[in-house]
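Here is a brief report on one protein model. Look over the sequence and the fold, then read on.

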Amino acid sequence: MPESEERSEGRPDRGPERRDVPASGSAAARARIEQQQTWVDLQIRQAMERGEFENLPGAGKPIEGLGEHHDPDWWLKKLVERERITVLPPSIALRKEDAELDDALDKLFSEGEVRRHVEDFNARVVRARYSLHPGPPLITMPRDVEATVAAWRERREARRSRRTEPAVPPRERHWWNLRRRRPEGGS
């Protein structure tokens, strides 16, 4: 059996040996593809002559990831790196959030927002306490809402009192500035 018959017997839908497509159709398609390739090559050549490929960012630098093995999760790793996403066990994430909670609360403007934020934090701590998660045990305790709101109120008042004091003491006036301030009637 000739080699071309072997290839076409089991796979009638592959390769140039398709029997259901007339030869003129495949020749026309092949000619269109070749003409498209020459058109693309012409466009690239003209752009190169105009200098559109000069001074591009990354010119002369190696292509990142070239020559490494293919990682199917490359896009996920790039997303984590770009967005600085950290994946921590819930116990560690809640511990970190507890340490940063006062700073986060100081950015809020109303007592209601602070109260809602602390109540949400407490709900997540309680939920994590009653669920089994991998990782270290949860040692973070829920916060007392009223005490946390009172502490937020005190920090806010302290910030406001600091704002009323001038940041820089007033400068002494020079003798030439004092002359302009004399009353008009005096000599």
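## Helix α5, two loop residues and a pocket

Asn122 touches Pro142, Arg143 and Val145, leaving aside residues up to four places away in sequence. The model is a predicted one. Asn122 sits in helix α5, which covers residues 111-129. Is this residue buried or exposed? Asn122 has 12% relative accessibility, so it counts as buried, the cut-off being under 20%.

Asn122 has company in α5. The buried residues of this helix are Val114, Val118, Phe121, Asn122, Val125 and Ala128. Viewed down the axis of α5, these buried residues fall within an arc of 125°, so they line one face of the helix. What does the face turned away from the buried side carry? That face of α5 holds the exposed residues Arg116 and Arg127.

How far does α5 reach from its first C-alpha to its last? The helix has 19 residues and spans 27 Å between those two atoms. That is close to the 27 Å expected at 1.5 Å a residue.

Next, the backbone. Most residues other than glycine have a negative phi. Asn55 has a positive phi, near 55°. Arg84 is not a glycine either, yet its phi is positive at about 55°. Asn55 lies in the loop between α2 (23-50) and α3 (74-83). Arg84 is placed in the loop between α3 and α4 (90-106). Are these two residues buried or exposed? Asn55 counts as exposed because its relative accessibility is 77%. Arg84 is exposed too, with a relative accessible area of 75%. The cut-off for exposed is over 50%.

The accessibility values sit side by side here.

| Residue | Place | Relative accessibility | Class |
|---|---|---|---|
| Asn55 | loop between α2 and α3 | 77% | exposed |
| Arg84 | loop between α3 and α4 | 75% | exposed |
| Asn122 | helix α5 | 12% | buried |

Last, the pocket. Rolling a probe the size of a water molecule over the atoms shows where empty space is left. The largest pocket holds about 260 Å³ of space. Which residues line the largest pocket? The lining is made up of Glu64, Gly65, Glu68, His69, His70, Asp71, Trp74, Lys77 and Lys78. By class, this lining has five charged, three polar and one nonpolar residue. Gly counts among the polar residues in this tally, and Trp counts as nonpolar.

Notes. Residues are numbered from 1 along each chain as its sequence is written. This is a predicted model: local features need pLDDT of at least 70, side-chain atom pairs count only at pLDDT 80 or more; totals for chains, interfaces and linings use all residues. Side-chain values use heavy atoms; hydrogens and water are left out. On a 1 Å grid over the protein atoms alone, a cavity is a set of points where a 1.4 Å probe fits but cannot get out, and a pocket is an open set with protein on both sides within 12 Å along at least five of seven lines; lining residues have an atom within 4 Å of a point. Grid points are joined across faces, edges and corners, and a volume is the space filled by probe spheres set on the points. Helices (H or I, at least four residues) and strands (E, at least two) are DSSP runs, numbered from the N terminus. Buried means under 20% relative accessible area, exposed over 50%, partly exposed in between (1.4 Å probe, protein chains only). Contact means heavy atoms within 4.5 Å. The expected span of a helix is 1.5 Å times one less than its number of residues. The arc is that of the directions from the helix axis to the C-beta atoms.
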